[in-house]
Amino acid sequence: MPNFLWDPPDTPERMSLAFVLTGSAVASAFAVALVTMVRRNRRLSHELGETRELLARANALGSEDAQPHPVVEDWLSLPSRTALDALWDWDVVADRIRFSARWRELVGLSAAEVHRSTEEWWGRIHPSDRAQLQADVASQLTGVGTQFSSEHRVRHEDGRWLLLHWVGVIGRGPDGRAERITGSVRNTTAQRDVEGRQRREALYDALTGLPNRALAIDLLRRAINRARRQGERRFAVLYVDLDRFSILNDSLGHQAGDEILRGVADRLRTAIRPGDMIARLSGDEFLLLLDDVSEFEDAEIVADRVQLVLADPLQVLTSEVTVGASVGIVLHDSAMVEPTDYLRDAALAMHCAKRAGRARHERFVPEMRDGVRRRVSLEQDFRGAIDRNEFNLLYQPIWATDGPTERLVGFEALLRWNHPVRGTLSPGEFIPIAEETEMIVSLGGWTLHRACLDLRDFASPGPEALWVSVNIAARQLANRGLVAMVDNVLHATGLDASRLKLEVTENVILHDETTAIEVLESLAARGVRALMDDFGTGHASLTYLHRLPIRTIKIDRYFIGRMDVSPQCLEIVRSIITLAKSLGMEIVAEGVEHEAQLVQLRGLGCRAVQGYLFGRPLLAEEAQALVAGLERSPGACPRALLAQLALSGGLEHASAPSPEMVSR
């Protein structure tokens, strides 16, 4: 092992050479590591010296006796807690600026020296931010405060723009003029990006990119305030709700539903004017805020454009889909100060448009609010109405007309609510409430049971036994439990399944077509028949005739009531009867009120009718008396028998228009 004498060299380099000359590999490695450590410490000492100098200058700003200033210590404690901040010191009087070494890394400089001219700072400022920085500097230096703050974009050496937040302490001379600012600067680009993304997620709809409900309400509030300040500058709100979207979404799938919503959003953007706003409130509901609108007519022009842009089919995945919309319009009202008031009234008008037939618009009128209050009151009263025995059934006779005298073949059960205060209410007033409150299933079960029980009691079984038809609501038919309910009712009442018919409409089937087909086929297998009610009023009724187990169709009363005055209606009735015959289906004409209509229907080959020509709907005991009277007098004229039994107002009553209560 070689020997050597230790003579401490005066530099790390000489120390390394001394170890190498000894011939010891271990000593050589130790020397290299020692040199590296010493050089690193030199750099750290240099940067620490810069920091100490800046701190010393900052502390010197606090008072004339150079005692540490507490505010300065507070501001400069920030960079001591994180290595991400650069320190800066601006001599305002000499207009010279100095940065710590961290500044080079921040802006991507590779040179060891940084220019001390303020151009190092000002030359990197984004052109759009210079005016704001000048304003910040001017206001803060000429004031009396001790803190400086500014956030602006600075150019990185690679061309990127960084958002930097500058904070510092202002040192002032005896005359109060600013002499020096010392502080730190932090890169807030990533933080602001995250905040911007979060803000966008909070205010914009992720699916369509439109403002969401929260932002729409804020923009509507601004419009209200602007209209209050500017007097004549008014606005309008359009509430747009897609028609039958839930059916499309359920049948085509949620991915297709999302495509539809995005497509509708793009179309609606083309319907509004510059300066107007469109938002997605939720689901398939959109809001259009129209600026500078004076009259309803101005808003209706945009509403018409909405219908126009939605008229063409949308390309959704591999198929084309046509979507309609119902629109409610509310005009600026100086008495309304809350955005939610406008949303409420516009939604009311929109629902009126849906009830009026969809794919249209309606203006809001104050009377619509009265309807809502009435509806809310009815909803409260509806709960428990079954237990209070407030519902009952009326039975409208259905007559065969294929012989010299009409012959009774069945009844349609018509549900009525005997409200203790409002009197008798028709289904149109309470069925929607029952569907929305999910009480339609229990109400439907009561109706089925009562109708089957009454028919069993007042009509005997047999080969040509009378039957009863019961209207089925959309939520009932969409519930697979309907089959079990019908089974239970037939078992409990002992009624044969062939004597029960269920009346459905196109709208009921469209609510859930797949389930409707399954339920009706299951019931048909048990012998329960289905009728297509209101045939001819929908757009797709023909498509269901070969897909559903329906053997009877009812011609809507609208066409029957206009046969004698409208050649078009007469031809429609003729075509429906011809179609039914060619398909081997039975047909019933509804709403027959005049003798001339009966004569026309017989001439066209219609074999069954119902309506006020034969009298009003009957209570259960009255229907029982009618059946008993016909059994005692076979072949008797039914209208004469009804008059004899005092079950109708006779021909005078028959010639009167049908009251609203006969509507379903």
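Two residues count as in contact when heavy atoms lie within 4.5 Å. The exercises below concern a predicted model.

**Exercise 1**

Determine which helix lies across E6, E7 and strand E8, and describe the sheet that holds these strands.

Solution. Step one is the helix: H8, residues 213–230, lies across E6, E7 and E8 (285–291). Its direction runs at about 135° to E7.

Step two is the sheet. E6, E7 and E8 belong to an open sheet of five strands, ordered E7-E8-E6-E11-E12, with mixed pairing. At the edges stand E7 (277–282) and E12 (361–363); each has a single partner strand, so one side of each is left without a neighbour in the sheet. From one strand to the next, the twist averages 20°.

Step three looks inside the sheet. E6 (residues 235–242) and E11 (residues 325–331) run antiparallel and are joined by seven bridges. One position to locate in this pair is Ala236, which stands opposite Leu331 in E11.

**Exercise 2**

Work out the strand order, edges and helix packing of the open sheet that contains E1 to E5.

Solution. Begin with the order: the five strands follow E2-E1-E5-E4-E3, and the pairing is antiparallel. The edge strands, E2 (96–99) and E3 (147–155), each pair on one side only. Here the twist averages 25° from one strand to the next.

Next, take the edge strand E3 and its partner. Nine bridges connect E3 with E4 (residues 161–172), and the two run antiparallel. Within this pair, Arg153 has Leu163 in E4 as its bridge partner.

Last, add the helix. H6 (residues 130–141) packs on the sheet and touches E1 (86–91), E3, E4 and E5 (178–187). The direction of H6 makes about 165° with that of E3.

**Exercise 3**

Decide where the buried residues of H13 fall around its axis, and compare its span with the expected one.

Solution. First the span: H13 covers residues 367–382, 16 residues in total, and reaches 22 Å from its first C-alpha to its last. This is close to the 22 Å expected at 1.5 Å a residue.

Second, list the buried residues, for which the cut-off is under 20% relative accessible area. In H13 they are Met368, Leu378 and Phe382. Seen down the helix axis, the buried residues fall within an arc of 75°, so they line one face of H13.

Third, turn to the other side of H13, where Arg373 and Gln380 are exposed. After the helix comes Gly384, with a positive phi near 90°.

**Exercise 4**

Establish how far strand E18 is enclosed and how it pairs with E17 and E19.

Solution. Start with burial. E18 spans residues 529–535, and five of its seven residues are buried, so the strand is largely enclosed by the rest of the structure.

Then take its partners in turn. With E17 (residues 500–504), E18 pairs in the parallel sense over four bridges; Val504 stands opposite Met532 in E18. With E19 (residues 550–555), E18 also runs parallel, joined by four bridges. On that side, Ala530 has Ile550 in E19 as its bridge partner.

**Exercise 5**

Summarise the chain as a whole: secondary structure, burial, contacts and surface.

Solution. Count the elements: the chain has 26 helices and 21 strands. Of its 664 residues, 47% are buried. Taking contacts between residues at least 6 apart in sequence, 63% join residues at least 24 apart. For the surface, the chain exposes about 33100 Å², and carbon and sulfur atoms supply 52% of that area.

Notes. Residues are numbered from 1 along each chain as its sequence is written. This is a predicted model: local features need pLDDT of at least 70, side-chain atom pairs count only at pLDDT 80 or more; totals for chains, interfaces and linings use all residues. Side-chain values use heavy atoms; hydrogens and water are left out. Buried means under 20% relative accessible area, exposed over 50%, partly exposed in between (1.4 Å probe, protein chains only). Accessible areas come from the Shrake-Rupley method with a 1.4 Å probe; for residues, only the protein chains shown count as cover. Two strands pair if DSSP finds at least two bridges between them. Axes are lines fitted to C-alpha atoms, for helices over the stretch in contact, and angles run from 0 to 180 degrees between N-to-C directions. The expected span of a helix is 1.5 Å times one less than its number of residues. The arc is that of the directions from the helix axis to the C-beta atoms.
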